[in-house]
Amino acid sequence: MEFPALETERLGLVHIGQQYADSFYHIMSREDVTRYYGMDPLINVQEAAAVIESFQTLFESKRGIRWGIILKENGEFIGTIGLNNLNVRAKKSEIGYELHPDYWRKGLMQEAVQAVLFYAFDHLDLVRMGAVTFPDNGASSRLLKKLGFMEEGKLRSYLYQGGQSHDALLFSLLKSDWTK
């Protein structure tokens, strides 16, 4: 399967190769980015390279797709977005994302999520999209609700980060509820 590059007005959603390892590291080594990510900050570029390799493995096994988010205006790598726990036969997946703080509150992640939802519902013919967030991650919860996701409930001690378990909120969006 060829990697599905996507495009929005301001963004390119592209395959994440090792050429982005430094940029990915500079984003994922930040505590303000990983605070609600479900993993500890990356320690070095080698860890970033290993995560990028895992994205490729998930894509090849058809269990996930992770896009790099590139600003069209200057080609800068500013984050990633992806389909996690992808199961095309069961018609479901979960969406996850992160963005460099310099680009928070500019509507860029909303643009990226909409493009991935369009791809998931129209091209992969998925029926359900889930999302898992930390309860304290108000920005992500607001974005999901703005896009039509419904909060389904709390998953107790679902995420493990920073040496401790954390509760998570579960959101979902059904294809039948999604409006383009």
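This tour moves through a predicted model, from its largest pocket to its helices, its aromatic rings, its cavity and a few backbone details.

**Stop 1: the largest pocket**

Begin by selecting G96, Y97, E98, N137 and S140, which are the closest to the centre of the largest pocket among the 43 residues that line it. The space in this pocket amounts to about 1300 Å³. If the lining is coloured by class, 23 residues appear as nonpolar, 10 as polar and 10 as charged.

**Stop 2: helix 5 and its two sides**

Keep S140 in view and extend the selection to helix 5, residues 138–146, where S140, S141, L143 and L144 are buried. Why do these residues share a side of helix 5? They cover an arc of only 160° around the axis, and this places them on the same side of the helix. In general, an α-helix has 3.6 residues a turn, so residues three or four places apart point the same way. Turn the view to the other side of helix 5 to find R142 and K146, both exposed.

Next, display what lies against the buried side. The buried residues of helix 5 pack against strand 5, helix 4 (108–123), strand 6 (128–133) and strand 8 (164–174). Just after helix 5 comes G148, with a positive phi near 100°.

**Stop 3: T133, a neighbour of helix 5**

Select T133, which lies in strand 6. Is T133 buried or exposed? Its relative accessible area is 4%, so T133 counts as buried, the limit being under 20%. Leaving aside residues up to four places away in sequence, T133 touches S140, S141, L144, A168, L169 and F171. S140, S141 and L144 have already appeared among the buried residues of helix 5.

**Stop 4: helix 1**

Move to helix 1, residues 21–28, and select its buried residues: A21, F24, Y25, I27 and M28. These residues lie on the same side of helix 1, because the arc they cover around the axis is only 165°. To see what covers them, display elements including helix 2 (31–34), helix 3 (45–60), strand 4 (77–87) and strand 5 (92–99).

**Stop 5: the aromatic cluster around F3**

The structure holds 8 aromatic pairs. Select F3 and F59, which form a tilted pair with 5.1 Å from centre to centre and 55° between the planes. This pair joins distant parts of the chain, since F3 is in the segment before strand 1 (6–7) and F59 is in helix 3, 56 residues apart. Both F3 and F59 are buried.

Add W67 to the selection. F3 and W67 form an edge-to-face pair, with 6.1 Å from centre to centre and 65° between the planes. Here too distant parts of the chain are linked: W67 is in strand 3 (residues 65–71), and F3 and W67 are 64 residues apart. The relative accessible area of F3 is 16%, so F3 is buried. W67 is likewise buried, with a relative accessible area of 0%. To complete the cluster, add Y119: ring pairs link F3, F59, W67 and Y119.

**Stop 6: the cavity**

Retain F3 and F59 and select H15, I16, I52, F55, Q56 and R66 with them; together these residues line the largest cavity. A search of the whole structure finds 1 cavity of 30 Å³ or more, and the space in the largest cavity is about 40 Å³. Which element gives the most to this lining? Helix 3 does, with 4 residues. By class, the lining divides into 5 nonpolar residues, 2 polar and 1 charged.

**Stop 7: two backbone details**

Most residues other than glycine have a negative phi. The last two selections depart from this pattern. K62, in the loop between helix 3 and strand 3, has a positive phi of about 60° although it is not a glycine. With a relative accessibility of 52%, K62 counts as exposed.

Finish at N85, which is found in strand 4. Phi of N85 is positive, near 50°, and N85 is a residue other than glycine. At 53% relative accessibility, N85 also counts as exposed.

Technical notes:
Residues numbered from 1 in each chain as written. Predicted model: local features only at pLDDT ≥ 70, side-chain atom pairs only at ≥ 80, totals over all residues. Heavy atoms only, no water. 1 Å grid on protein atoms, 1.4 Å probe; cavity = no way out; pocket = protein on both sides within 12 Å on 5 of 7 lines; lining within 4 Å. Points joined across faces, edges and corners; volume = space filled by probe spheres on them. Nonpolar A, V, L, I, M, F, W, Y, C, P; charged D, E, K, R; others polar. Buried < 20%, exposed > 50% of the residue type's maximum accessible area, 1.4 Å probe, protein only. Helix = DSSP H or I, 4+ residues; strand = E, 2+ residues; numbered from the N terminus. Arc of directions from axis to C-beta. Contact = heavy atoms within 4.5 Å. Phe/Tyr/Trp six-rings, centres within 6.5 Å; stacked < 30°, edge-to-face > 60°.
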